[in-house]
Amino acid sequence: METRHLDRAPISEALIDLRVKLEDVFDVTRFKDLNKLLGNDYTDPTPQQTFAAEFNFEKGGLKAAAKEPTLTGFVYQSKDSKHVAQFRKDGFSFSRLPPYTSWESVFAEAKRLWEIYIKTAAPTSVIRSALRYINRLDVPAGGTLETYLAVPPRVPEGLESKLSSFLNRIILDNVADEFTAVITQALEPSNQQAHLSILLDIDVFTHRPLEPSSQAVENVLNRIHDVKNKIFFNSITQRTAEIYQ
């Protein structure tokens, strides 16, 4: 597949997410002391917890009783606030925040941390592999949506009106024979005068199980990244691409 690249990619977050199966006896507190393995570039971990409550109908109405929070993992953030890594009982996530660099450099760091996850948790399999790229297209307001999006929402003909907002979400199955893609487009408030801010959120994933080795994960994520790129560049116009060259 032809590789395309934008020098100033409009990516507000690139997320790698791997859901896993672990042994039932795994102690999630083992993720608490990974600083020596992660290196000096990462801060101390923050606990990740889930909260729940029980609801009961009693005299006088519905009453809620809070349960003890459940520890699900730990979050490590790089000191420059560019990387966020989640080490959880149900999996591993790695986020790259702006400015985006390249897939090669982002995946290299994610792979390094994934190998730490494997060493610490010894997952038996990966049951979901995903990439999610959240793009924010800040474009001049002078053009129409057709100027910037290849397949924009359209106002019904014959209406004297102005489009002030939209939200469009489609789900595609069997992309490249094995992946699912969720594509979301939305109009958001812009931080710049005389500009439109268009959200283009692309989430591509597979539930096909694979062994947790670095090579197996790298192979599937590279294929997902190719699909993500194809969706992105076929969702924008040449004019939009030129803005971010």
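Biologist: Before we look at Asp17, what makes two residues count as being in contact?

Modeller: Contact means that they have heavy atoms within 4.5 Å. In this predicted model, and leaving aside neighbours within four places in sequence, Asp17 is in contact with Arg88, Phe92, Ser93, Arg128, Ser129 and Ala130.

Biologist: Where is Asp17 found, and why is Asp17 called buried?

Modeller: Asp17 is found in strand S1, residues 11-21. Its relative accessibility is 6%, and buried means under 20%, so Asp17 counts as buried.

Biologist: What makes the pairing of the Asp17 side chain with the Arg88 side chain a polar contact?

Modeller: The distance is 3.4 Å, and the limit for a pair of N or O atoms is within 3.5 Å, so the pair counts as a polar contact. The Asp17 side chain also makes a polar contact with the side chain of Arg19, at 2.7 Å.

Biologist: Let's turn to helix H2. How do you know that its span is close to the expected one?

Modeller: H2 covers residues 103-121, which is 19 residues, and reaches 26 Å from its first C-alpha to its last. The expected span is 1.5 Å times one less than the number of residues, and for H2 that gives 27 Å, so the two values are close.

Biologist: Which residues of H2 are buried, and what do the buried residues pack against?

Modeller: The buried ones are Trp103, Val106, Phe107, Glu109, Ala110, Leu113, Trp114, Ile116, Tyr117, Thr120 and Ala121. They pack against S1, helices H1 (35-38) and H4 (214-235), and strands S6 (83-88), S7 (91-96) and S8 (125-140). As background, an α-helix has 3.6 residues a turn, so residues three or four places apart point the same way.

Biologist: What comes just after H2?

Modeller: Ala122, which takes a positive phi of about 50°.

Biologist: Now a pocket. What lines the second largest one, and why are three of its lining residues called charged?

Modeller: About 250 Å³ of space lies in that pocket. Of the 13 residues that line it, Gly143, Thr144, Leu145, Leu163 and Leu196 are the closest to its centre. The lining divides into seven nonpolar, three polar and three charged residues. Asp, Glu, Lys and Arg count as charged, so the three charged residues are of these kinds.

Biologist: And the protein as a whole?

Modeller: The protein has five helices and eleven strands. Of its 245 residues, 44% count as buried. Among contacts between residues at least 6 apart in sequence, 69% join residues at least 24 apart.

Terms used
Residues are numbered from 1 along each chain as its sequence is written. This is a predicted model: local features need pLDDT of at least 70, side-chain atom pairs count only at pLDDT 80 or more; totals for chains, interfaces and linings use all residues. Side-chain values use heavy atoms; hydrogens and water are left out. Helices (H or I, at least four residues) and strands (E, at least two) are DSSP runs, numbered from the N terminus. Buried means under 20% relative accessible area, exposed over 50%, partly exposed in between (1.4 Å probe, protein chains only). A polar contact is a pair of N or O atoms within 3.5 Å; within protein, one must be able to donate a hydrogen and the other to accept it, and residues adjacent in sequence count only if both atoms are side-chain atoms. On a 1 Å grid over the protein atoms alone, a cavity is a set of points where a 1.4 Å probe fits but cannot get out, and a pocket is an open set with protein on both sides within 12 Å along at least five of seven lines; lining residues have an atom within 4 Å of a point. Grid points are joined across faces, edges and corners, and a volume is the space filled by probe spheres set on the points.
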